[in-house]
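User: I should like to learn how to read burial, cores and empty space in a protein model. Please give the general idea each time, and then the case at hand.

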Amino acid sequence: MANLLKGIKPILLMGPGPSMVYDEVYAALAKPTLGHLDPYFFTIMDGVKDGLRAVMNTKNPVTFAVSGTGSAGMESAFTNLVEPGDRVLIIVNGFFSKRMEDVAGRLGAKIDLLEFEWGAPIAPDKVADQLQKGPYSIVAMVHAETSTGMRNPVKEVGELVAKTGALFLADCVTSLGAMPVDMDERKIDALYSCSQKGLSCPPGLAPVSFSPRAVKKILARKTKAPNWYLDVSLLIKYWEGEKRAYHHTMSSNLIYSMYEGLQMLMAEGLDKVFARQIAIQKLLGEELAKMGISFLIPPELRLPHLNVVNVPAGIDEAAVRSRLLNEFQIEIGGGLGALAGKVWRIGLMGHTARPENVDRLVAALKACL
Ligand SMILES: *Cc1c(COP(=O)(O)O)cnc(C)c1O
């Protein structure tokens with residue numbers, strides 16, 4: 001049997017995730033596998049919890065990594081917090097907030113959607129009006145909307161939601177590690193993310209954190225969480241305390257990779273990382289402007305690390321993407337939903353955000369156009 005792995009070429013990952021993985025993280029992944037109940041492995045898990053609390057800027061004891069990708073983080077937040085019949089408000093202005101409707105709907109939530117056009121900003125006064133139609137048990141939104149490249153006003157909405165007593169759920173899949181999420185200050189009660197975007201680790205883990213208020217609701221549920229694998233009330237017995245109880249076989253190697261990814265972030269310093277994201281975006285923006293390529297989102301609402309840009313008129317965008325991949329070994333993303341065929345999504349997330357990567361992409365794009 002031919003070994004297909006020999007055919008893997010290194011690809012410069014500049015799409016909406018996965019992002020480039022640090023060499024140190026690959027090395028961590030290859031460390032010897034430990035048992036999921038090995039006491040030394042517990043110390044590494046504790047290190048991951050501490051690192052996640054630092055990037056999330058939270059004091060929440062219940063902060064850990066779910067086995068699964070960002071979508072498992074989304075399932076975890078909704079599955080644990082929604083009880084049948086709960087009124088849930090979802091604020092929608094892109095692909096991923098729309099996915100929340102599907103996830104929460106399966107759990108028997110009574111959902112209200114507050115919808116804005118894709119790529120239109122979320123207006124806090126409209127949110128305030130909608131909250132009057134509550135009371136809601138949960139209000140959910142996406143911080144960094146990866147489908148449009150828009151930064152949503154989590155702080156403003158968090159303040160409004162806090163006044164109502166609802167729990168505030170924020171999707172920080174694309175923001176964590178690349179921009180401040182400030183969980184406690186923004187009054188977020190449930191936050192989830194992924195390993196393969198801002199954290200520059202391989203996919204497979206979903207950081208989550210629950211505020212004491214959220215944990216209280218989870219532990220007081222009248223019915224069990226409808227998904228055993230993601231049940232936080234069981235998982236905390238594995239992730240916390242002196243005695244740890246087996247729940248499922250945590251991937252020790254993936255945990256090492258996240259541990260090392262968090263170490264890399266801390267070593268550089270979070271503020272420096274966030275500043276680097278902004279500086280590299282500026283570099284890309286200047287180069288694209290010279291080529292006549294514009295951004296979908298105005299500068300003040302733009303994500304610093306996920307650039308959604310308009311495909312120039314008359315260009316077959318899919319053909320350009322496939323040439324970039326096949327000839328130049330560079331991956332960028334296409335548009336989702338209504339934006340399919342109209343935009344490219346260029347990720348400069350985490351370790352991808354380096355000047356040499358921008359140079360390589362710009363040279364290749366010039367050759368393709
Ligand atoms: C990528 C993404 C997800 C889904 O994460 P997966 O790791 O692909 O499961 C959810 N929400 C947002 C905002 C995302 O960008």
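User: Is helix α3 mostly covered or mostly uncovered?

Analyst: Buried means under 20% relative accessible area, exposed over 50%, and partly exposed in between (1.4 Å probe, protein chains only). Helices are DSSP runs of H or I with at least four residues, and strands are runs of E with at least two, numbered from the N terminus. Helix α3 is mostly covered, with 10 of its 12 residues buried; Met74, Phe78 and Leu81 are among them. This is a predicted model, in which local features need pLDDT of at least 70 and side-chain atom pairs count only at pLDDT 80 or more, while totals for chains, interfaces and linings use all residues. Residues are numbered from 1 along each chain as its sequence is written, and side-chain values use heavy atoms, with hydrogens and water left out.

User: Which residues touch the most other members of the largest nonpolar core?

Analyst: A nonpolar core is a set of buried Ala, Val, Leu, Ile, Met, Phe, Trp, Tyr and Cys residues joined through side-chain atoms within 4.5 Å. Here the largest has 88 residues, and those touching the most other members are Phe78, Leu81, Met100, Leu169, Phe210 and Ile255. Helix α2 (residues 39-56) contributes the largest share of this core, 8 residues.

User: How is empty space found, and how many cavities of 30 Å³ or more are there?

Analyst: Rolling a probe the size of a water molecule over the atoms shows where empty space is left. On a 1 Å grid over the protein atoms alone, a cavity is a set of points where a 1.4 Å probe fits but cannot get out; a pocket is an open set with protein on both sides within 12 Å along at least five of seven lines, and lining residues have an atom within 4 Å of a point. Grid points are joined across faces, edges and corners, and a volume is the space filled by probe spheres set on the points. The count is 1 cavity of 30 Å³ or more, and the largest cavity has a volume of about 40 Å³. Strand β2 (63-67) gives the most to its lining, with 3 residues.

User: Why does the largest pocket lie between two domains?

Analyst: Domain bounds come from an automatic or database domain assignment. The largest pocket lies between domain 1 (9-18 + 270-368) and domain 2 (23-266) because both give residues to its lining. Its volume is about 320 Å³. Of its 18 lining residues, Ile11, Leu13, Met20, Val21 and Tyr26 are the closest to its centre. Helix α12 gives the most to this lining, with 3 residues.
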